[in-house]
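Biologist: I've got the sequence and the fold open, and I'd like to learn how to read them. Can we go through them together?

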Amino acid sequence: SLLNQAERGGTLAPVDLLAVKSTLLRSRRVRQVLLANAPRFPALAEWGEPMQDLEHVAAEIGRAISDRAEVMDSASQRLGRLRAEVRVLQDRLLDRVQRIAQNPDNAAYLQEAIVTQRQGRYVVPVRSEFKGRIPGIVHDQSGSGATLFVEPLAIVELNNDWRQRQMEEQEEVNRILREL
């Protein structure tokens, strides 16, 4: 079924590619055993003759996909660079938003001095009665309505850069999976 999916232009998930790799390595071993025993079992050896050795395909999968079915940073130079940029941007973003959350001047406006995420964006929990005291974009509110999850304007551009790099990273992962 995976071969059919790939032949139709479908992209295989990393876990599926690991299954393909395993099958290729096992079939290579079966071919070797069949051919090595040709003098004793010529009829079986005939089955091994047409089997292709696709170790290079298994090696490509192993180069890009980890044993935990994750696309590795080393799968491409671009992916490694993008993931490094994502980490740097996230560290900068977290540092800046944590400074906002822990600023004593903001303590009265915040439900808690924590940082959380809503819709893939870092936000701080602002008490609804203090809406606007921390200028920003409201992404969500609590079930009770007592808390608004606000992305401070001071981090919007950094959040945008971080999200853009994440999308570029995902595009590169998808390209690698399609190629495999």
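Biologist: Let's start with Val-156: buried or exposed?

Modeller: Its relative accessible area is 16%. The cut-offs are under 20% for buried, over 50% for exposed and partly exposed in between, using a 1.4 Å probe and protein chains only. A value of 16% falls under 20%, so Val-156 is buried.

Biologist: Before we go on, what kind of model is this?

Modeller: Residues are numbered from 1 along each chain as its sequence is written, and side-chain values use heavy atoms, with hydrogens and water left out. Local features need pLDDT of at least 70, side-chain atom pairs count only at pLDDT 80 or more, and totals for chains, interfaces and linings use all residues; the model itself is predicted.

Biologist: Back to Val-156, then. Which residues does it touch, leaving aside those within four places in sequence?

Modeller: Val-156 sits in helix H6. Contact here means heavy atoms within 4.5 Å. With neighbours within four places left out, the partners of Val-156 are Arg-121, Ile-137 and Glu-151.

Biologist: You said H6. How far apart are its end C-alpha atoms?

Modeller: Helices (H or I, at least four residues) and strands (E, at least two) are DSSP runs, numbered from the N terminus. The expected span of a helix is 1.5 Å times one less than its number of residues. For the 24 residues of H6 that comes to 34 Å, which agrees with the separation in the model, 35 Å.

Biologist: And what pattern does the whole protein follow along the sequence?

Modeller: Overall there are six helices and four strands. Read from start to end, the pattern is α-α-α-α-α-β-β-β-β-α.

Biologist: What is the radius of gyration of the protein?

Modeller: The radius is taken over C-alpha atoms, and the globule rule is 2.2 Å times the number of residues to the power 0.38. For 180 residues the rule gives 16 Å, and the protein is well over that, so it is more spread out than a compact globule. Its C-alpha atoms fill a box of roughly 85 × 35 × 25 Å along the principal axes. The radius of gyration itself is 26 Å.

Biologist: Now a strand residue. What is the relative accessible area of Val-126?

Modeller: Val-126 lies in strand S2 (residues 121-127). Among the residues it touches, beyond four places in sequence, are Tyr-109, Ile-134, Ala-146 and Thr-147. Val-126 is buried, with a value of 1%.

Biologist: Thr-147 came up there. Which strand is it in?

Modeller: Thr-147 is buried, at 7% relative accessible area. Its contacts, again beyond four places in sequence, include Gln-111, Pro-125, Val-126 and Asp-140. Its place is in strand S4.

Biologist: Let's look for empty space. Which helix gives the most to the lining of the largest pocket?

Modeller: On a 1 Å grid over the protein atoms alone, a pocket is an open set of points with protein on both sides within 12 Å along at least five of seven lines, and lining residues have an atom within 4 Å of a point; a cavity is a set where a 1.4 Å probe fits but cannot get out. The largest pocket has a volume of about 290 Å³, the space filled by probe spheres set on points joined across faces, edges and corners. Helices H1 (2-7), H2 (14-36) and H4 (55-64) each give two or more residues to its lining. The top contributor, with five residues, is H2.

Biologist: Which residues of H2 are buried?

Modeller: H2 has 23 residues and reaches 33 Å between its end C-alpha atoms, close to the 33 Å expected. Its buried residues pack against helix H3 (42-48), H4 and H6. They are Pro-14, Leu-17, Leu-18, Lys-21, Leu-24 and Leu-34.

Biologist: One last thing, backbone angles. What is phi of Gln-119?

Modeller: Most residues other than glycine have a negative phi, and most peptide bonds are trans. Gln-119 is found in the loop between strand S1 (116-118) and S2, and it is exposed, with a relative accessible area of 60%. Ala-69, in the loop between H4 and H5, has a positive phi near 65°. Gln-119 has a positive phi too, near 55°.
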